[in-house]
Amino acid sequence: MASNTGNQIFINIKKGKNYPPNVVEIRVKYEQTIGDLRKLAAKKAGIEVDQLQLFRHGAELLADKYDMKTLLEMDLHTGFSLMAYDLTEEPDYFPPVRKTPEGLVVISAAEAAA
C-alpha cells in the first residue's frame, strides 16, 4: 500500500540537445496508471501530454499500450527513474534508439559496435 503522498518517481526529460535534462519528481500511488504519471510529468514540465515520450528499461512506453497499466502492474516503486523526451524539439536520442513494431528501443553497445 502506498503512503498518503504516493511513490516518488523521477522523470529525466531531455529536450533536443539541451543538457542536463530537466528532472521532475512526481508522487503517484500504485493504483494510478502510466497515463496518470505521464499527465503529471507533462504538467510539471509545462508541455502537452502528447509531447512527452517515456522510456523504461530502454523501451518506449507507447501511450496506447501502457497508459492503462498501473504502477503496480509495471512494478514501479518509490525512487524509480524514467527517461523521457520533450518532443517540442527534435529529440537527440542518447543512447541511440531504433524503431521496432513495439516502439523505440535503446540500441545496445554490442549492437552499436556491429
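Which residues have the most contacts inside the largest nonpolar core? They are Ile-9, Ile-11, Leu-37, Leu-52 and Leu-54, in a core of 21 residues. A nonpolar core is here a set of buried Ala, Val, Leu, Ile, Met, Phe, Trp, Tyr and Cys residues joined through side-chain atoms within 4.5 Å. At least two residues of this core come from each of strand 1 (7-14), strand 2 (22-28), helix 1 (34-45), strand 3 (52-56), helix 3 (71-74) and strand 5 (81-86), and helix 1 gives the most, with four residues. In soluble globular proteins, nonpolar side chains tend to be buried together.

The model is predicted, and local features need pLDDT of at least 70, while side-chain atom pairs count only at pLDDT 80 or more and totals for chains, interfaces and linings use all residues. Residues are numbered from 1 along each chain as its sequence is written, and side-chain values use heavy atoms, with hydrogens and water left out.

**Overall architecture**

The chain holds four helices and seven strands, arranged along the sequence as β-β-α-β-β-α-α-β-β-β-α. Helices (H or I, at least four residues) and strands (E, at least two) are DSSP runs, numbered from the N terminus. The radius of gyration of the chain is 14 Å, which agrees with the value near 13 Å for a compact globule of 114 residues; this radius is taken over C-alpha atoms, and the globule rule is 2.2 Å times the number of residues to the power 0.38. Along the principal axes, the C-alpha atoms fill a box of roughly 45 × 25 × 25 Å.

Of the 114 residues, 38% count as buried, where buried means under 20% relative accessible area, exposed over 50%, and partly exposed in between (1.4 Å probe, protein chains only). The accessible surface of the chain comes to about 6800 Å², and 55% of this belongs to carbon and sulfur atoms; the areas come from the Shrake-Rupley method with a 1.4 Å probe. Among contacts (heavy atoms within 4.5 Å) between residues at least 6 apart in sequence, 57% join residues at least 24 apart.

**Individual residues**

Leu-54, one of the core residues with the most contacts, touches Ile-11, Ile-34, Leu-37, Arg-38, Ala-59, Glu-60, Leu-61, Met-83 and Ala-84, leaving aside residues up to four places away in sequence. Thr-70, placed in the loop between helix 2 (63-66) and helix 3, is buried because its relative accessible area is 17%. With the sequence neighbours up to four places away again left out, Thr-70 touches Tyr-30, Glu-31, Gln-32 and Thr-33.

Two residues other than glycine with a positive phi are set out below.

| Residue | Phi | Loop | Relative accessible area |
|---|---|---|---|
| His-57 | about 50° | between strand 3 and strand 4 (59-60) | 72%, exposed |
| Asp-75 | near 60° | between helix 3 and strand 5 | 45%, partly exposed |

Cis peptide bonds also occur in loops of this model. The bond from Tyr-19 to Pro-20 is cis, with omega near 0°, and Pro-20 is placed in the loop between strand 1 and strand 2. The bond from Phe-94 to Pro-95 is likewise cis, with omega near 0°, and Pro-95 lies in the loop between strand 5 and strand 6 (97-100).
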